[in-house]
Amino acid sequence: MSLRTVRVTPELQDYIVAHSGGTDPLLEELAAETAGRFGDSAGMQIGADQGALMTLLARVTGARDAVEVGTFTGYSSICLARGISGRLLCCDVSEEWTSVARRYWARAGLDDRIDLRLAPALDTLRALPPGTAFDLAFVDADKPSYGAYWEELVPMIRPGGLLLADNTLWEGRVVDGSDDEETRAIRDFNDRVARDGRVQQVIVPIGDGLTVARKL
Ligand SMILES: C[S@@+](CC[C@H](N)C(=O)[O-])C[C@H]1O[C@@H](n2cnc3c(N)ncnc32)[C@H](O)[C@@H]1O
């Protein structure tokens with residue numbers, strides 16, 4: 001098959017960010033603090049280009065309420081909250097990481113629109129009142145649970161709403177013969193989404209791969 005996607009070099013990545021709304025000083029500071037305090041874990045954060053895309057997707061779909069599974073220090077939550085008109089429910093298990101997120105939500109003027117639940121995300125989702133509905137969901141937590149998150153979230157998304165899932169190319173390991181638990185989980189997740197008649201979907205090769213699925 002012909003390769004239609006350009007190989008993104010570091011220079012090209014900088015160019016993409018510069019031409020995608022540029023860098024945001026608050027998000028840059030958050031990224032720098034995360035890297036300084038948490039080292040390699042900072043690699044879990046989405047990139048500036050993906051953040052800009054997610055804000056745009058939330059806006060163009062007119063999303064009101066959203067849910068995020070996997071918040072870390074808050075980068076993606078700020079991008080999502082800036083794109084929606086209602087509330088964002090954030091699910092995470094780390095008090096330490098999300099305490100950073102809370103500070104930046106306050107500085108971004110978003111703290112009154114974000115609810116953080118510190119508990120395993122499946123427990124949080126399963127405890128939501130019957131009839132809870134969202135316009136957008138973003139999944140970016142433990143990979144083995146992606147399929148379970150999907151099954152909880154799809155029924156809660158309003159028709160025309162979006163489900164986004166991060167890391168769905170898993171640094172290319174989905175096709176390189178890797179056979180560890182996380183790679184198998186991402187492959188199973190991608191197969192599950194591909195055969196799910198409730199959505200229309202595409203894997204966007206941005207960051208580590210972003211699945212964008214629209215609820216039919
Ligand atoms: C990849 S990071 C999220 C990065 C974040 N979306 C961002 O762009 O900055 C994954 C997060 O999932 C959280 N997590 C892991 N297992 C979880 C679980 N069972 N329930 C809720 N959160 C979980 C971790 O604490 C971590 O903060």
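Which elements each supply at least two residues of the lining of the largest pocket? In this predicted model, they are α3 (48–60), α4 (75–83) and β2 (88–92).

Let me stay with that pocket for a moment. Its volume is about 700 Å³. The lining comprises 35 residues, and M44, Q45, D140, K143 and N167 are the closest to the centre. Sorted by class, the lining has 16 nonpolar, 11 polar and eight charged residues.

Now the ligand. The largest pocket is where the ligand sits. Two elements, α4 and β2, give two or more residues to the shell around the ligand. That shell holds 21 residues, with G70, S76, D92, A121 and D140 coming nearest. D140 therefore turns up in both lists, if you use the 4 Å cut-off for being near the ligand: D140 is among the residues closest to the pocket centre and among those nearest the ligand. By class, the shell divides into 13 nonpolar, five polar and three charged residues.

On to polar contacts. D92 places a polar side-chain atom 2.6 Å from an oxygen atom of the ligand. At I46 the partner is a polar backbone atom, 3.1 Å from a ligand oxygen. Y149 has a polar side-chain atom 3.4 Å from a nitrogen atom of the ligand. As for burial, the ligand taken alone exposes 610 Å², and the protein buries 89% of that.

Last, the second largest pocket. Its space comes to about 530 Å³. Of its 14 lining residues, T5, V6, V8, P205 and G207 lie nearest the centre. The lining there is made up of eight nonpolar, four polar and two charged residues.

Note on methods: Residues are numbered from 1 along each chain as its sequence is written. This is a predicted model: local features need pLDDT of at least 70, side-chain atom pairs count only at pLDDT 80 or more; totals for chains, interfaces and linings use all residues. Side-chain values use heavy atoms; hydrogens and water are left out. On a 1 Å grid over the protein atoms alone, a cavity is a set of points where a 1.4 Å probe fits but cannot get out, and a pocket is an open set with protein on both sides within 12 Å along at least five of seven lines; lining residues have an atom within 4 Å of a point. Grid points are joined across faces, edges and corners, and a volume is the space filled by probe spheres set on the points. Helices (H or I, at least four residues) and strands (E, at least two) are DSSP runs, numbered from the N terminus. Ala, Val, Leu, Ile, Met, Phe, Trp, Tyr, Cys and Pro count as nonpolar, Asp, Glu, Lys and Arg as charged, and the others, Gly among them, as polar. A polar contact is a pair of N or O atoms within 3.5 Å; within protein, one must be able to donate a hydrogen and the other to accept it, and residues adjacent in sequence count only if both atoms are side-chain atoms. Accessible areas come from the Shrake-Rupley method with a 1.4 Å probe; for residues, only the protein chains shown count as cover. A molecule sits in a cavity or pocket if more than half of its atoms lie within 2 Å of its grid points.
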